[in-house]
Amino acid sequence: MTERTEPEIRILDTEAELREASALFRTAMVGLPAWPEVPDGTVDRYLESGRTWGAFLDGRLVGTVDATSGRLVLPGGARVPHAAVTHIGVLPTHTRRGVLSGLVRRQLRDARDRSEVVSTLRASEAVIYGRFGYGVASHSVALDVETRRATLRPDVPDSGPVRLLTYPDAWDVLAAIHSRHLPDRPGMIDRSEYWWNSRRWRADSLTDPMYVAVHGEPGEENGFVRYHPIDTQAWFTSRDRTVVVDDFFAPTPDAYVGLLRFLLGLDLVDCLRFVATPTDDPLPLLFHDARAVQVRSVSDETWLRILDLDRVLSARAYRGAGTVTLATTDRLLPENEGTFVISPSGAGRTSGSADLTVDVADLAAVLLGGTTWRRLAAAGRVRVHRSGAVDVADMLFAWPCAPFAGTSF
Ligand SMILES: CC(=O)SCCNC(=O)CCNC(=O)[C@H](O)C(C)(C)COP(=O)(O)OP(=O)(O)OC[C@H]1O[C@@H](n2cnc3c(N)ncnc32)[C@H](O)[C@@H]1OP(=O)(O)O
(Lines give C-alpha, C1' and ligand atoms only; values in the text may rest on other atoms or scores of the structure.)
Protein backbone atom coordinates (compact mmCIF):
# COMPACT_ATOMS: atom_id res chain seq x y z
CA MET A 1 0.00 0.00 0.00
CA THR A 2 1.23 3.51 -0.88
CA GLU A 3 2.38 5.45 2.17
CA ARG A 4 0.27 8.54 2.96
CA THR A 5 2.11 11.70 3.99
CA GLU A 6 0.09 14.92 4.33
CA PRO A 7 1.24 17.18 1.46
CA GLU A 8 2.18 20.80 2.08
CA ILE A 9 -0.49 22.89 0.33
CA ARG A 10 -0.08 26.53 -0.57
CA ILE A 11 -0.89 29.15 -3.18
CA LEU A 12 1.50 29.27 -6.15
CA ASP A 13 2.36 32.82 -7.05
CA THR A 14 5.57 33.01 -9.04
CA GLU A 15 5.62 32.72 -12.82
CA ALA A 16 7.96 29.70 -12.56
CA GLU A 17 5.63 27.84 -10.17
CA LEU A 18 2.56 28.61 -12.25
CA ARG A 19 4.29 27.31 -15.38
CA GLU A 20 5.31 24.16 -13.50
CA ALA A 21 1.69 23.67 -12.37
CA SER A 22 0.48 24.06 -15.91
CA ALA A 23 2.99 21.47 -17.18
CA LEU A 24 2.00 19.14 -14.31
CA PHE A 25 -1.67 19.37 -15.30
CA ARG A 26 -0.82 18.46 -18.90
CA THR A 27 1.29 15.48 -17.75
CA ALA A 28 -1.56 14.28 -15.52
CA MET A 29 -4.11 14.60 -18.35
CA VAL A 30 -1.82 12.56 -20.68
CA GLY A 31 -3.63 13.28 -23.97
CA LEU A 32 -4.36 16.99 -24.23
CA PRO A 33 -3.75 18.53 -27.68
CA ALA A 34 -0.49 20.44 -28.11
CA TRP A 35 -0.65 24.00 -26.87
CA PRO A 36 2.32 26.34 -27.35
CA GLU A 37 3.92 27.89 -24.26
CA VAL A 38 2.60 31.35 -23.47
CA PRO A 39 5.29 34.06 -23.74
CA ASP A 40 7.41 34.94 -20.69
CA GLY A 41 5.77 37.37 -18.32
CA THR A 42 2.21 36.67 -19.50
CA VAL A 43 1.06 33.82 -17.23
CA ASP A 44 -1.08 36.26 -15.23
CA ARG A 45 -3.19 36.80 -18.37
CA TYR A 46 -4.35 33.17 -18.15
CA LEU A 47 -4.53 32.41 -14.43
CA GLU A 48 -6.22 34.52 -11.79
CA SER A 49 -3.73 35.64 -9.15
CA GLY A 50 -4.03 33.89 -5.78
CA ARG A 51 -6.24 31.05 -7.03
CA THR A 52 -3.75 28.36 -8.09
CA TRP A 53 -3.02 25.84 -5.34
CA GLY A 54 -0.03 23.51 -5.30
CA ALA A 55 0.58 20.37 -3.23
CA PHE A 56 4.18 19.53 -2.33
CA LEU A 57 5.71 16.28 -1.12
CA ASP A 58 9.38 16.33 -0.10
CA GLY A 59 9.56 19.85 -1.53
CA ARG A 60 8.36 18.76 -4.98
CA LEU A 61 5.19 20.03 -6.67
CA VAL A 62 3.02 16.92 -7.18
CA GLY A 63 -0.54 18.28 -7.54
CA THR A 64 -2.43 21.39 -8.49
CA VAL A 65 -5.87 22.95 -8.89
CA ASP A 66 -6.99 26.45 -9.82
CA ALA A 67 -10.15 28.52 -10.20
CA THR A 68 -11.47 31.80 -11.55
CA SER A 69 -14.04 34.03 -9.89
CA GLY A 70 -17.36 34.84 -11.53
CA ARG A 71 -21.12 34.47 -11.24
CA LEU A 72 -23.60 31.64 -11.80
CA VAL A 73 -27.30 32.09 -12.61
CA LEU A 74 -29.83 30.41 -10.28
CA PRO A 75 -33.50 29.63 -11.01
CA GLY A 76 -35.26 32.99 -10.85
CA GLY A 77 -32.29 34.91 -12.27
CA ALA A 78 -30.17 35.66 -9.19
CA ARG A 79 -26.43 35.68 -10.05
CA VAL A 80 -24.37 34.37 -7.17
CA PRO A 81 -20.59 34.45 -6.63
CA HIS A 82 -19.09 31.37 -8.26
CA ALA A 83 -15.69 29.67 -8.51
CA ALA A 84 -14.99 27.98 -11.85
CA VAL A 85 -12.63 25.19 -10.80
CA THR A 86 -10.22 23.69 -13.32
CA HIS A 87 -6.70 22.40 -14.10
CA ILE A 88 -6.84 19.60 -11.53
CA GLY A 89 -3.93 17.20 -11.80
CA VAL A 90 -1.69 14.99 -9.68
CA LEU A 91 1.58 13.54 -11.03
CA PRO A 92 1.05 9.92 -12.09
CA THR A 93 3.84 8.93 -9.69
CA HIS A 94 1.86 10.38 -6.74
CA THR A 95 -1.80 9.44 -7.28
CA ARG A 96 -4.08 7.66 -4.75
CA ARG A 97 -2.35 8.93 -1.65
CA GLY A 98 -4.66 11.82 -0.81
CA VAL A 99 -3.05 14.67 -2.77
CA LEU A 100 -6.24 15.70 -4.58
CA SER A 101 -8.28 15.32 -1.38
CA GLY A 102 -5.97 17.76 0.41
CA LEU A 103 -6.14 20.25 -2.46
CA VAL A 104 -9.93 20.12 -2.75
CA ARG A 105 -10.48 20.50 0.98
CA ARG A 106 -8.25 23.58 1.02
CA GLN A 107 -9.81 25.06 -2.10
CA LEU A 108 -13.39 24.61 -0.87
CA ARG A 109 -12.59 26.30 2.43
CA ASP A 110 -10.83 29.16 0.62
CA ALA A 111 -13.76 29.65 -1.78
CA ARG A 112 -16.25 29.74 1.08
CA ASP A 113 -14.03 32.24 2.94
CA ARG A 114 -14.16 34.40 -0.20
CA SER A 115 -17.98 34.42 0.16
CA GLU A 116 -18.46 32.33 -2.95
CA VAL A 117 -21.79 30.51 -2.94
CA VAL A 118 -21.12 27.67 -5.41
CA SER A 119 -18.22 26.18 -7.31
CA THR A 120 -18.49 24.20 -10.53
CA LEU A 121 -16.19 22.11 -12.68
CA ARG A 122 -16.17 19.80 -15.71
CA ALA A 123 -15.15 16.28 -14.72
CA SER A 124 -12.67 14.13 -16.64
CA GLU A 125 -14.18 11.07 -14.92
CA ALA A 126 -17.52 10.61 -13.17
CA VAL A 127 -16.08 8.78 -10.15
CA ILE A 128 -13.86 11.56 -8.80
CA TYR A 129 -15.92 14.45 -7.45
CA GLY A 130 -19.05 13.08 -5.74
CA ARG A 131 -16.99 12.35 -2.62
CA PHE A 132 -16.18 16.06 -2.37
CA GLY A 133 -19.85 17.10 -2.49
CA TYR A 134 -20.11 17.82 -6.22
CA GLY A 135 -23.27 16.68 -8.05
CA VAL A 136 -24.24 16.78 -11.73
CA ALA A 137 -26.42 19.89 -12.07
CA SER A 138 -26.69 20.15 -15.87
CA HIS A 139 -26.24 18.05 -18.98
CA SER A 140 -25.10 18.95 -22.45
CA VAL A 141 -26.21 17.42 -25.75
CA ALA A 142 -24.07 17.11 -28.89
CA LEU A 143 -26.15 17.20 -32.09
CA ASP A 144 -25.54 16.62 -35.80
CA VAL A 145 -27.71 18.39 -38.37
CA GLU A 146 -27.88 16.79 -41.82
CA THR A 147 -28.10 19.94 -43.90
CA ARG A 148 -29.82 18.44 -46.96
CA ARG A 149 -32.79 17.40 -44.79
CA ALA A 150 -32.77 20.56 -42.67
CA THR A 151 -35.41 22.80 -44.25
CA LEU A 152 -36.76 25.39 -41.84
CA ARG A 153 -40.54 25.44 -41.39
CA PRO A 154 -42.09 28.34 -43.37
CA ASP A 155 -43.46 29.98 -40.22
CA VAL A 156 -40.06 30.22 -38.51
CA PRO A 157 -39.81 33.94 -37.71
CA ASP A 158 -37.57 36.49 -39.37
CA SER A 159 -34.22 37.38 -37.93
CA GLY A 160 -31.75 40.26 -38.10
CA PRO A 161 -28.57 40.67 -40.15
CA VAL A 162 -25.62 38.33 -39.76
CA ARG A 163 -22.09 39.34 -40.68
CA LEU A 164 -18.70 37.65 -40.62
CA LEU A 165 -15.96 39.06 -38.43
CA THR A 166 -12.26 38.31 -38.65
CA TYR A 167 -9.84 37.26 -35.94
CA PRO A 168 -8.24 38.64 -33.87
CA ASP A 169 -10.52 41.72 -33.81
CA ALA A 170 -13.59 39.54 -33.23
CA TRP A 171 -12.56 38.50 -29.71
CA ASP A 172 -13.42 41.76 -27.99
CA VAL A 173 -16.80 41.87 -29.77
CA LEU A 174 -17.63 38.31 -28.68
CA ALA A 175 -16.69 39.00 -25.05
CA ALA A 176 -18.89 42.11 -25.03
CA ILE A 177 -21.86 40.26 -26.55
CA HIS A 178 -21.55 37.44 -24.02
CA SER A 179 -21.36 39.70 -20.98
CA ARG A 180 -24.18 42.01 -22.18
CA HIS A 181 -26.58 39.21 -23.08
CA LEU A 182 -25.95 36.44 -20.55
CA PRO A 183 -29.41 34.87 -20.28
CA ASP A 184 -31.32 33.98 -17.11
CA ARG A 185 -31.17 30.25 -17.83
CA PRO A 186 -30.11 28.45 -14.61
CA GLY A 187 -26.49 27.30 -14.68
CA MET A 188 -25.26 30.02 -17.05
CA ILE A 189 -21.86 31.37 -16.02
CA ASP A 190 -19.99 34.43 -17.11
CA ARG A 191 -16.69 34.14 -18.94
CA SER A 192 -13.71 35.73 -17.21
CA GLU A 193 -10.98 37.68 -18.97
CA TYR A 194 -8.72 34.65 -18.24
CA TRP A 195 -11.14 32.38 -20.11
CA TRP A 196 -11.20 34.68 -23.14
CA ASN A 197 -7.42 35.14 -23.09
CA SER A 198 -6.93 31.34 -23.05
CA ARG A 199 -9.33 30.80 -25.96
CA ARG A 200 -7.67 33.53 -27.87
CA TRP A 201 -4.14 32.24 -27.25
CA ARG A 202 -5.10 28.75 -28.34
CA ALA A 203 -6.96 29.93 -31.43
CA ASP A 204 -4.25 32.40 -32.46
CA SER A 205 -1.66 29.61 -32.25
CA LEU A 206 -3.53 27.43 -34.77
CA THR A 207 -3.32 27.80 -38.51
CA ASP A 208 -6.48 25.75 -39.22
CA PRO A 209 -9.47 27.62 -40.70
CA MET A 210 -11.86 29.09 -38.08
CA TYR A 211 -14.71 31.51 -38.60
CA VAL A 212 -16.94 33.77 -36.58
CA ALA A 213 -20.28 35.42 -37.39
CA VAL A 214 -22.39 37.78 -35.31
CA HIS A 215 -26.12 38.53 -35.32
CA GLY A 216 -27.53 42.05 -35.05
CA GLU A 217 -26.75 45.54 -36.29
CA PRO A 218 -23.19 46.77 -35.68
CA GLY A 219 -22.91 47.90 -32.06
CA GLU A 220 -26.14 46.07 -31.16
CA GLU A 221 -25.09 42.47 -31.75
CA ASN A 222 -26.91 39.94 -29.58
CA GLY A 223 -25.43 36.59 -30.57
CA PHE A 224 -22.50 34.90 -32.27
CA VAL A 225 -21.26 31.61 -33.64
CA ARG A 226 -17.70 30.30 -33.88
CA TYR A 227 -17.20 27.36 -36.24
CA HIS A 228 -14.53 25.40 -38.09
CA PRO A 229 -14.42 22.62 -40.71
CA ILE A 230 -12.90 19.19 -39.97
CA ASP A 231 -11.18 16.63 -42.24
CA THR A 232 -10.19 19.35 -44.66
CA GLN A 233 -7.65 17.14 -46.47
CA ALA A 234 -10.60 15.49 -48.24
CA TRP A 235 -12.75 18.63 -48.49
CA PHE A 236 -13.02 18.63 -52.32
CA THR A 237 -14.09 15.01 -52.63
CA SER A 238 -15.81 14.26 -49.32
CA ARG A 239 -19.51 13.38 -49.22
CA ASP A 240 -19.61 14.23 -45.55
CA ARG A 241 -18.17 17.72 -45.18
CA THR A 242 -18.62 18.64 -41.56
CA VAL A 243 -18.50 21.97 -39.79
CA VAL A 244 -18.08 21.91 -36.02
CA VAL A 245 -20.06 24.61 -34.24
CA ASP A 246 -17.72 25.32 -31.34
CA ASP A 247 -19.63 28.12 -29.68
CA PHE A 248 -23.26 28.98 -30.46
CA PHE A 249 -24.29 31.87 -28.26
CA ALA A 250 -27.81 32.85 -29.28
CA PRO A 251 -29.77 33.91 -26.21
CA THR A 252 -32.77 35.39 -28.05
CA PRO A 253 -35.05 33.66 -30.60
CA ASP A 254 -34.08 36.09 -33.39
CA ALA A 255 -30.34 35.59 -32.80
CA TYR A 256 -30.89 31.82 -32.70
CA VAL A 257 -32.79 31.69 -35.97
CA GLY A 258 -30.53 34.24 -37.68
CA LEU A 259 -27.33 32.38 -36.85
CA LEU A 260 -28.89 29.01 -37.69
CA ARG A 261 -30.08 30.31 -41.10
CA PHE A 262 -26.57 31.58 -41.73
CA LEU A 263 -25.03 28.18 -40.91
CA LEU A 264 -27.58 26.31 -43.05
CA GLY A 265 -26.73 28.64 -45.92
CA LEU A 266 -23.04 27.69 -45.97
CA ASP A 267 -22.25 26.10 -49.33
CA LEU A 268 -20.55 22.67 -49.44
CA VAL A 269 -21.46 21.63 -45.89
CA ASP A 270 -23.24 18.28 -45.37
CA CYS A 271 -23.29 18.26 -41.58
CA LEU A 272 -23.37 20.88 -38.84
CA ARG A 273 -22.02 19.44 -35.60
CA PHE A 274 -23.19 21.35 -32.51
CA VAL A 275 -20.83 20.33 -29.72
CA ALA A 276 -22.94 21.53 -26.78
CA THR A 277 -26.63 22.39 -26.55
CA PRO A 278 -29.08 22.41 -23.62
CA THR A 279 -31.31 19.36 -23.17
CA ASP A 280 -34.36 21.47 -24.13
CA ASP A 281 -32.82 23.06 -27.23
CA PRO A 282 -35.53 23.89 -29.82
CA LEU A 283 -33.42 22.86 -32.86
CA PRO A 284 -35.40 19.80 -34.13
CA LEU A 285 -38.70 21.71 -33.77
CA LEU A 286 -37.55 24.34 -36.27
CA PHE A 287 -37.31 21.86 -39.16
CA HIS A 288 -39.91 20.23 -41.42
CA ASP A 289 -38.11 16.98 -40.81
CA ALA A 290 -37.15 16.75 -37.13
CA ARG A 291 -34.93 13.77 -37.96
CA ALA A 292 -32.55 16.12 -39.71
CA VAL A 293 -31.19 16.42 -36.17
CA GLN A 294 -29.49 13.46 -34.55
CA VAL A 295 -28.27 13.25 -30.98
CA ARG A 296 -24.61 12.22 -30.93
CA SER A 297 -24.20 12.14 -27.15
CA VAL A 298 -25.57 13.39 -23.86
CA SER A 299 -22.94 14.18 -21.23
CA ASP A 300 -22.77 15.57 -17.75
CA GLU A 301 -21.84 19.24 -18.01
CA THR A 302 -21.92 21.20 -14.72
CA TRP A 303 -20.60 19.46 -11.60
CA LEU A 304 -21.77 21.81 -8.86
CA ARG A 305 -20.62 22.13 -5.25
CA ILE A 306 -22.73 24.14 -2.81
CA LEU A 307 -20.36 26.23 -0.69
CA ASP A 308 -22.94 28.22 1.24
CA LEU A 309 -26.25 26.39 1.54
CA ASP A 310 -28.08 29.14 3.45
CA ARG A 311 -27.30 31.69 0.76
CA VAL A 312 -27.97 29.48 -2.22
CA LEU A 313 -31.34 28.26 -0.94
CA SER A 314 -32.40 31.85 -0.19
CA ALA A 315 -31.16 33.19 -3.53
CA ARG A 316 -32.98 30.79 -5.85
CA ALA A 317 -36.69 31.08 -6.61
CA TYR A 318 -39.30 28.34 -6.09
CA ARG A 319 -42.55 27.60 -7.91
CA GLY A 320 -45.69 25.63 -7.22
CA ALA A 321 -47.28 25.37 -3.80
CA GLY A 322 -46.69 23.73 -0.43
CA THR A 323 -43.81 23.49 1.98
CA VAL A 324 -41.05 20.96 2.43
CA THR A 325 -38.33 20.63 5.06
CA LEU A 326 -34.90 19.26 4.17
CA ALA A 327 -32.21 17.95 6.53
CA THR A 328 -28.77 18.15 4.94
CA THR A 329 -25.43 16.42 5.44
CA ASP A 330 -22.06 17.81 4.39
CA ARG A 331 -18.86 16.03 5.40
CA LEU A 332 -16.45 18.73 4.24
CA LEU A 333 -18.32 21.97 5.04
CA PRO A 334 -20.36 21.19 8.18
CA GLU A 335 -21.74 24.77 8.24
CA ASN A 336 -24.08 23.52 5.51
CA GLU A 337 -25.69 20.94 7.79
CA GLY A 338 -29.08 21.70 9.32
CA THR A 339 -32.80 21.66 8.57
CA PHE A 340 -34.25 24.08 6.04
CA VAL A 341 -37.86 24.93 5.24
CA ILE A 342 -38.70 25.71 1.62
CA SER A 343 -41.85 27.24 0.17
CA PRO A 344 -42.70 29.44 -2.85
CA SER A 345 -41.99 32.48 -0.68
CA GLY A 346 -38.39 31.43 0.08
CA ALA A 347 -36.13 29.30 2.26
CA GLY A 348 -34.54 29.45 5.69
CA ARG A 349 -33.45 27.36 8.66
CA THR A 350 -36.02 25.73 10.94
CA SER A 351 -35.96 23.80 14.18
CA GLY A 352 -38.80 21.62 12.88
CA SER A 353 -38.48 18.00 11.80
CA ALA A 354 -37.35 17.04 8.31
CA ASP A 355 -39.47 15.58 5.49
CA LEU A 356 -36.43 14.59 3.45
CA THR A 357 -32.74 14.00 4.28
CA VAL A 358 -30.25 14.63 1.53
CA ASP A 359 -26.49 14.99 1.13
CA VAL A 360 -25.16 18.24 -0.26
CA ALA A 361 -23.94 16.48 -3.46
CA ASP A 362 -27.46 15.27 -4.28
CA LEU A 363 -28.95 18.63 -3.39
CA ALA A 364 -26.49 20.14 -5.89
CA ALA A 365 -27.90 17.83 -8.57
CA VAL A 366 -31.44 19.08 -8.05
CA LEU A 367 -30.62 22.72 -7.24
CA LEU A 368 -30.91 24.09 -10.79
CA GLY A 369 -33.87 21.91 -11.78
CA GLY A 370 -31.75 19.52 -13.88
CA THR A 371 -33.13 16.40 -12.26
CA THR A 372 -36.03 15.55 -9.95
CA TRP A 373 -36.35 14.60 -6.31
CA ARG A 374 -38.37 11.61 -7.50
CA ARG A 375 -35.39 10.36 -9.49
CA LEU A 376 -33.01 10.86 -6.57
CA ALA A 377 -35.42 9.05 -4.24
CA ALA A 378 -35.79 6.15 -6.69
CA ALA A 379 -32.01 5.79 -6.63
CA GLY A 380 -32.00 5.77 -2.81
CA ARG A 381 -30.19 9.12 -2.65
CA VAL A 382 -32.85 10.84 -0.52
CA ARG A 383 -34.32 9.56 2.72
CA VAL A 384 -38.07 10.20 2.80
CA HIS A 385 -39.68 10.78 6.22
CA ARG A 386 -43.10 12.08 5.08
CA SER A 387 -45.13 10.58 2.26
CA GLY A 388 -45.91 13.12 -0.45
CA ALA A 389 -42.87 15.25 0.39
CA VAL A 390 -41.06 14.23 -2.79
CA ASP A 391 -43.94 15.50 -4.96
CA VAL A 392 -44.03 18.83 -3.10
CA ALA A 393 -40.24 19.19 -3.41
CA ASP A 394 -40.49 18.50 -7.14
CA MET A 395 -43.12 21.20 -7.63
CA LEU A 396 -41.02 23.71 -5.69
CA PHE A 397 -37.69 22.98 -7.39
CA ALA A 398 -38.89 22.42 -11.01
CA TRP A 399 -37.92 25.14 -13.47
CA PRO A 400 -39.32 25.72 -16.98
CA CYS A 401 -35.98 25.82 -18.75
CA ALA A 402 -33.27 23.20 -18.41
CA PRO A 403 -30.03 24.25 -16.73
CA PHE A 404 -27.03 24.73 -18.99
CA ALA A 405 -23.74 26.61 -18.74
CA GLY A 406 -22.64 26.56 -22.39
CA THR A 407 -19.05 27.32 -21.42
CA SER A 408 -16.38 24.67 -21.11
CA PHE A 409 -13.32 25.44 -19.03
C1 LIG B 1 -11.85 19.81 -13.19
C2 LIG B 1 -10.76 19.09 -13.82
O3 LIG B 1 -9.70 19.63 -13.99
S4 LIG B 1 -11.03 17.52 -14.33
C5 LIG B 1 -9.40 16.81 -14.57
C6 LIG B 1 -9.02 15.92 -13.43
N7 LIG B 1 -7.67 15.44 -13.70
C8 LIG B 1 -7.42 14.26 -14.32
O9 LIG B 1 -8.29 13.49 -14.69
C10 LIG B 1 -5.94 13.99 -14.57
C11 LIG B 1 -5.55 12.55 -14.25
N12 LIG B 1 -5.82 12.17 -12.90
C13 LIG B 1 -5.23 12.76 -11.82
O14 LIG B 1 -4.46 13.71 -11.93
C15 LIG B 1 -5.54 12.20 -10.46
O16 LIG B 1 -5.74 10.81 -10.56
C17 LIG B 1 -6.79 12.82 -9.80
C18 LIG B 1 -6.59 14.32 -9.70
C19 LIG B 1 -8.04 12.53 -10.60
C20 LIG B 1 -6.96 12.20 -8.41
O21 LIG B 1 -5.85 12.56 -7.61
P22 LIG B 1 -5.40 11.65 -6.38
O23 LIG B 1 -4.39 12.44 -5.63
O24 LIG B 1 -5.04 10.31 -6.85
O25 LIG B 1 -6.75 11.57 -5.54
P26 LIG B 1 -6.86 11.11 -4.00
O27 LIG B 1 -5.72 10.20 -3.67
O28 LIG B 1 -7.02 12.31 -3.14
O29 LIG B 1 -8.20 10.31 -4.08
C30 LIG B 1 -9.29 10.49 -3.23
C31 LIG B 1 -10.22 9.33 -3.43
O32 LIG B 1 -10.73 9.35 -4.77
C33 LIG B 1 -10.45 8.13 -5.45
N34 LIG B 1 -10.10 8.49 -6.81
C35 LIG B 1 -9.40 9.59 -7.19
N36 LIG B 1 -9.27 9.61 -8.52
C37 LIG B 1 -9.90 8.51 -8.98
C38 LIG B 1 -10.09 8.00 -10.28
N39 LIG B 1 -9.61 8.64 -11.37
N40 LIG B 1 -10.78 6.86 -10.39
C41 LIG B 1 -11.26 6.23 -9.30
N42 LIG B 1 -11.10 6.68 -8.03
C43 LIG B 1 -10.42 7.80 -7.88
C44 LIG B 1 -9.27 7.55 -4.70
O45 LIG B 1 -9.19 6.17 -4.85
C46 LIG B 1 -9.55 7.97 -3.27
O47 LIG B 1 -10.51 7.09 -2.70
P48 LIG B 1 -10.49 6.78 -1.12
O49 LIG B 1 -10.76 8.11 -0.44
O50 LIG B 1 -11.60 5.80 -0.96
O51 LIG B 1 -9.13 6.28 -0.82
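1. Helices (H or I, at least four residues) and strands (E, at least two) are here DSSP runs, numbered from the N terminus. By that rule H87 is found in strand 4, and H87 has a positive phi of about 50 degrees although it is not a glycine. H87 is also buried, with 20 other C-beta atoms within 10 Å; a residue counts as buried if 20 or more other C-beta atoms lie within 10 Å of its own, as exposed if 12 or fewer, and as partly exposed in between, with C-beta atoms placed from the backbone.

2. This is a predicted model, in which local features need pLDDT of at least 70 and side-chain atom pairs count only at pLDDT 80 or more, while totals for chains, interfaces and linings use all residues. Residues are numbered from 1 along each chain as its sequence is written.

3. The ligand is surrounded by 24 residues, of which I88, T95, L100, S101 and S124 come nearest. Helix 1 (15-29), strand 4 (79-90) and helix 2 (99-113) are the elements that give two or more residues to this shell, a residue being near the ligand if its C-beta atom, placed from the backbone, lies within 6 Å of it. Strand 4 supplies the largest share, 6 residues. By type, the shell divides into 11 nonpolar, 8 polar and 5 charged residues, where Ala, Val, Leu, Ile, Met, Phe, Trp, Tyr, Cys and Pro count as nonpolar, Asp, Glu, Lys and Arg as charged, and the others, Gly among them, as polar.

4. The domain assignment, which is automatic or taken from a database, gives domain 1 (8-116), domain 2 (140-299) and domain 3 (308-397). The C-alpha centres of domain 2 and domain 3 lie 36 Å apart.

5. The largest nonpolar core (a set of buried Ala, Val, Leu, Ile, Met, Phe, Trp, Tyr and Cys residues joined through C-beta atoms within 7 Å) has 75 residues, and I306, A364, L367 and A393 touch the most other members. Helix 7 (residues 360-367) gives this core its largest share, 7 residues. A second, separate core of 29 residues includes V162, F248, F249 and F274.

6. Helix 7 is mostly covered, with 8 of its 8 residues buried, and just after this helix G369 takes a positive phi of about 85 degrees.

7. In helix 5 (residues 253-264), the 12 residues should span 16 Å at 1.5 Å a residue, and the end C-alpha atoms are 16 Å apart, which agrees; the expected span is 1.5 Å times one less than the number of residues. A255, Y256, V257, G258, L259, L260 and L263 are buried in helix 5, and their cover includes strand 8 (162-165), strand 9 (211-215), strand 10 (223-230), strand 11 (242-249) and strand 12 (271-277).

8. L121 is found in strand 5 (residues 118-121) and is buried, because 23 other C-beta atoms lie within 10 Å. Leaving aside its neighbours within four places in sequence, L121 is in contact (C-beta atoms, placed from the backbone, within 7 Å) with V85, T86, Y129, Y134 and W303.

9. Two loops deserve a look in the backbone. P168 lies in the loop between strand 8 and helix 3 (170-180), and the peptide bond from Y167 to P168 is cis, with omega near 0 degrees. S115, in the loop between helix 2 and strand 5, has a positive phi of about 70 degrees although it is not a glycine, and S115 is exposed, with 11 other C-beta atoms within 10 Å.

Notes. Contact = placed C-beta atoms within 7 Å.
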